[in-house]
Amino acid sequence: MKKIIYYELRRMLLNKTFFGMLLVNGLFAWFTLSYDIIMGTAYTAPFSLWSYCVYLGRTLPLAMITVLLLLANYYYSRKQKQVEILTSATPVSSFCQIMIRTLAAGICFLLIYLVVIVLALLFYVSFFRFHDFAAFVLPSVVLLLPCFVLFTSLGQLLGSIHRSLVYVLMLLAFALHSITGAFDFFGAGYFSTVPLTLPIGTDGEPAFEISAAFLITRLLYVVLGIICIYLATLLSARKSQKA
Amino acid sequence: MKLFSFYRVELRRLLLSRTVAAAAVLSMLSLPLGNILYDFSSSRAMSARYILTPVVMTGTPIGAILWAAVMIMEADRLQRSGVHILTDTVAPPALLSAARTLALLTISAIVTALTSLVYLPSTAAKMSYLFSAGFYFANFAVFMLPTWWISILFADAFYQITRRVELSVVLFIALAGVSVSGISSFNYFMRWFNPYVITYSDGFPSVWPLRIGLYTRLIWLCIAAGVWLVSILCVRKYQKGLFFSFWKNRKKLAVLTPAVLSAATGIFLWHFQPFIDHGPHDYKYIDNLLMEIDDANRISAIQYSLSLNPALGTISAKAAYDIQVPYRGEDVLQLNPGYQITKMTYDGENVPFRTVDNDINGKRSTYFELPKDLYNKTLVIEYSGFPTQGRCWANSMVQDTIDHDYISLSSTAIVPRLDNYYSARGSAVIDITIPDNLMPFLDYTLMTDFADNGDGTKTWRAACSEIVRDFTAGYYTINTFQIGSLNVDFAYGTAYQGIVEENDIEQTIIDILTYGSEHYGELWSAEQNHLLLRQESSMFGGGYALHGVSTWFETVLSPDTLSDMDKGASATEVFIHEMLHQWWGGLGLECAQEDLWSSEGLTVYSTYRLVKEKYGALYAQQYYVDAWAEAVDNQNRSFYNRHPEYLELLPKVYQSQIASANRSINHYQRMPLMILKAEELVGGEDKMDEILRRMYEHQDEFRENGFGFADFLQYCGLTEEDIDGKCASPHNDSAGSASF
């Protein structure tokens with residue numbers, strides 16, 4: 001199993017597409033920081049939790065598109081379909097295969113966000129001499145995890161139905177990048193509008209808080225993602241049986 | 001034949017290449033980025049927004065980079081895979097290289113055509129009735145395709161010369177860097193990679209930018225083709241280096257001759273370009289061009305006869321002066337530097353003359369001497385040519401242009417200027433032949449007398465002064481109306497007819513002029529109870545006021561301006577704002593540009609007052625006072641205004657960005673709010689009107705240094721403390737520490 005994970009990771013990570021997209025993500029993140037976040041969100045500091053969350057929210061659509069692109073290229077391409085007969089003959093279960101793919105995609109996603117977050121930290125340190133990053137951890141998890149789980153699992157489910165549906169999902173990621181309110185997938189809309197409605201504290205900024213509705217929605221996305229993975233496993237198992 | 005068969009093979013191969021497909025797709029997708037990437041501070045014409053920005057400013061340079069990258073990768077393909085040793089034995093490498101480049105040039109042409117077709121429906125839909133298909137496609141053909149070709153040729157040339165990918169990339173970046181760097185920022189000719197276009201006009205379309213664009217592309221195509229042909233001679237021979245290979249290839253005259261000819265043509269075209277004169281970069285103030293006048297009435301009559309050729313953009317003209325007493329000694333006349341004097345006769349005899357290349361402010365001097373004993377004879381000057389732009393203003397406006405749809409000529413681009421012969425009493429008759437669909441103005445007066453020539457042209461005749469200052473012709477619609485005893489001619493581009501009607505601009509003008517005259521005083525530009533309000537082409541760069549004339553720039557009526565909510569709550573109100581600048585700003589009371597003071601604040605306040613009178617106090621409160629207070633409140637809440645110490649940590653570019661945003665709020669929202677506060681303190685609206693009237697009356701005193709905030713306080717009898725802070729929001733406790 002370890003070998004399979006190792007080779008899957010090698011296949012997915014050590015290629016031009018991943019490095020190219022990593023570079024694009026990094027450039028976009030820096031562009032977002034230096035043209036958008038630098039001005040602060042909703043009159044808050046550029047290094048406030050509000051602004052940081054908006055930053056993550058703005059970079060998420062591209063990161064998700066990157067992950068979906070890698071999934072489409074390496075697991076749902078024509079060549080992959082041709083070797084599916086062979087892989088289905090291996091003793092590795094469909095669930096394991098799906099989980100390995102999810103893990104590989106997750107590591108890609110983590111690497112992208114490693115770059116994106118390090119850039120943000122560098123930006124905050126170099127521009128504002130701001131070092132207090134401990135508070136950034138929890139909002140990062142709340143924003144990134146549900147998004148990743150939902151999109152990756154939905155991507156795998158749709159990819160196992162038809163490859164082109166993964167591209168439709170990419171378009172959906174573009175289309176949904178600017179919705180506001182608790183259902184905001186990526187959070188940029190939510191975190192840029194909510195502070196305007198909150199009372200201003202003594203420091204001139206609204207205190208950071210995430211509404212229960214937003215948290216419940218994030219949880220729902222995770223649950224939905226798990227359901228999608230389950231369905232994708234079922235579909236994959238049925239295809240293996242047919243093969 | 002071999003070249004053609006290689007070309008076919010390469011074309012087919014490249015058409016199937018994924019790299020080429022990716023470059024094609026990315027080139028096509030790059031166009032919409034323009035309106036996102038560029039930050040435009042002022043309003044623009046629709047054609048500037050939807051054609052200039054995406055096609056010329058974005059798609060052209062991005063595509064140029066992509067095609068250069070593809071060219072270098074393709075040129076290196078055989079070398080990279082190591083099969084060049086084999087292919088060299090089958091096909092001559094120079095021929096193969098040429099075929100590959102030609103194939104890529106062909107593909108880039110196909111992509112240009114496809115791109116233009118892909119964006120055609122959306123551009124046409126967005127521009128609506130202002131869309132011109134010819135102009136749209138011309139931009140792709142004039143700017144995009146030639147620039148891509150130039151880029152491909154340079155990229156291939158660099159690779160053939162260096163045979164190294166990284167060096168080719170560095171050379172290309174360096175050459176592109178020259179084009180995008182500050183030294184080329186306003187230079188039409190240096191910018192091979194990112195063509196320079198001031199702007200476009202919707203109502204008065206001018207092909208001047210396309211003309212100079214085509215010319216500069218031709219220059220660079222010649223130079224690039226020359227370099228590329230030379231690079232063909234550098235294709236390696238016998239596995240030797242650059243110099244040996246070039247030495248062995250030097251006898252290929254079929255390549256070397258066109259290479260030299262092509263590069264020389266480019267340099268020749270650059271040196272003898274007919275668009276910009278050779279004058280200084282800055283406008284030169286000259287005390288007095290007039291020579292000594294020893295007889296006040298030397299000329300008894302002048303007959304000017306001009307024929308304009310819009311297809312070529314040229315003029316062919318004759319000026320006949322009935323001279324009573326010739327000037328003694330060498331005489332001088334000024335004419336546009338683009339014109340050539342073809343003939344000069346006095347009493348039928350040729351007069352020798354010499355033209356000196358001493359261009360200054362768009363004029364060139366020609367010296368001549370008339371026989372001093374011949375009285376009461378006719379001096380005839382025939383001249384023709386393509387009008388050049390004075391270098392001092394060429395990068396910000398197009399003053400002299402002859403197009404099929406729009407003609408604008410000034411001063412010596414119309415008739416010669418003979419300073420030694422003019423008198424105050426002099427007058428002339430002018431005949432001008434232009435396309436019959438254009439409406440002409442001579443010296444800001446509508447021409448009315450014409451003869452239809454039956455060949456698609458009309459010859460317009462008018463009496464004029466000896467010195468003609470302005471000739472403008474375009475698709476104008478003229479509405480004439482009266483405000484009291486004042487006759488107003490409102491001339492605007494026919495393309496804007498819908499906007500004028502939709503926004504009830506005519507009634508708005510009446511309201512504004514009535515309101516302004518009643519509250520601030522008579523418009524100084526109105527003369528003899530007549531006022532011409534004329535819209536100018538956006539190519540002209542702005543509006544101005546003369547006696548009896550008030551012009552305003554085209555974009556005042558553009559959808560961009562009319563949707564700028566900083567200036568008014570609706571399009572009509574924005575127009576009110578722009579018209580009120582007749583009183584406040586360069587056309588009336590010149591205001592100083594300070595952090596908290598400019599003509600904008602006064603104009604916004606006046607707009608509010610007029611709107612209050614027109615639509616009621618509730619409306620004015622909601623859309624003006626409350627909106628100003630909210631903007632000021634937000635400004636006070638802004639992080640950098642609360643913490644100026646962080647502002648200092650930012651790079652200069654961001655500091656100036658924030659300062660610029662603050663200035664905009666200060667001028668458009670904070671300042672009107674302060675004037676409103678001052679209004680309260682001085683005793684109400686009537687008192688404030690009195691103060692404003694006095695300010696406008698004393699405009700002459702402030703023409704040089706401008707009317708500043710301190711002057712305003714003095715007129716109101718208030719101090720800064722009286723106004724400052726009282727108009728701010730509940731959140732501005734810390735705002736006092738913010739520096740604006």
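**A walk from a short helix to a shared pocket**

Let's start at helix α1 of chain A, which runs over residues 2-13: its twelve residues, at 1.5 Å each, should span 16 Å, and the end C-alpha atoms do lie 16 Å apart, so expectation and model agree. Please keep in mind throughout that this is a predicted model.

Which residues of α1(A) are buried? They are Glu8(A), Leu9(A), Met12(A) and Leu13(A). Around the helix axis these four cover an arc of only 110 degrees, which places them on the same side of α1(A). The general rule behind such a pattern is simple: an α-helix makes a turn every 3.6 residues, so residues three or four places apart point the same way. As for what covers this buried side, the neighbours include α2 (16-35), α3 (49-74) and α5 (94-128) of chain A.

Two of those neighbours, α2 and α3 of chain A, lead us on to the largest pocket, as each supplies at least two residues of its lining. This pocket holds about 2,500 Å³ of space. Its lining counts 44 residues, and the closest to the centre are Met21(A), Val24(A) and Leu62(A) from one chain, with Leu26(B) and Leu29(B) from the other. Which helix gives the largest share of the lining? That is α2(A), with ten residues. Other helices that each contribute at least two residues are α4 (78-89), α7 (163-175) and α8 (188-197) in chain A, along with α2 (18-29), α3 (34-37) and α4 (46-81) in chain B. If you sort the lining by chemical character, you find 27 nonpolar residues, ten polar ones and seven charged ones.

Now let's step across to chain B as a whole. This chain has 740 residues, 54% of which count as buried. Its secondary structure comprises 23 helices and 21 strands, and its C-alpha atoms fill a box of roughly 95 × 85 × 45 Å along the principal axes. How do its contacts run along the sequence? Taking those between residues at least 6 apart in chain B, 73% join residues that are at least 24 apart.

One helix of chain B makes a good last stop: α7, residues 133-162. With 30 residues at 1.5 Å each, α7(B) should span 44 Å, and its end C-alpha atoms are 43 Å apart, which agrees. Is α7(B) enclosed or exposed? Since 23 of its 30 residues are buried, α7(B) is largely enclosed by the rest of the structure. Just after this helix comes Arg163(B), which takes a positive phi of about 60 degrees.

Definitions and conventions. Residues are numbered from 1 along each chain as its sequence is written. Chains are lettered from A and ligands numbered from 1 in the order in which they are written. This is a predicted model: local features need pLDDT of at least 70, side-chain atom pairs count only at pLDDT 80 or more; totals for chains, interfaces and linings use all residues. Side-chain values use heavy atoms; hydrogens and water are left out. The expected span of a helix is 1.5 Å times one less than its number of residues. Buried means under 20% relative accessible area, exposed over 50%, partly exposed in between (1.4 Å probe, protein chains only). The arc is that of the directions from the helix axis to the C-beta atoms. Contact means heavy atoms within 4.5 Å. On a 1 Å grid over the protein atoms alone, a cavity is a set of points where a 1.4 Å probe fits but cannot get out, and a pocket is an open set with protein on both sides within 12 Å along at least five of seven lines; lining residues have an atom within 4 Å of a point. Grid points are joined across faces, edges and corners, and a volume is the space filled by probe spheres set on the points. Ala, Val, Leu, Ile, Met, Phe, Trp, Tyr, Cys and Pro count as nonpolar, Asp, Glu, Lys and Arg as charged, and the others, Gly among them, as polar.
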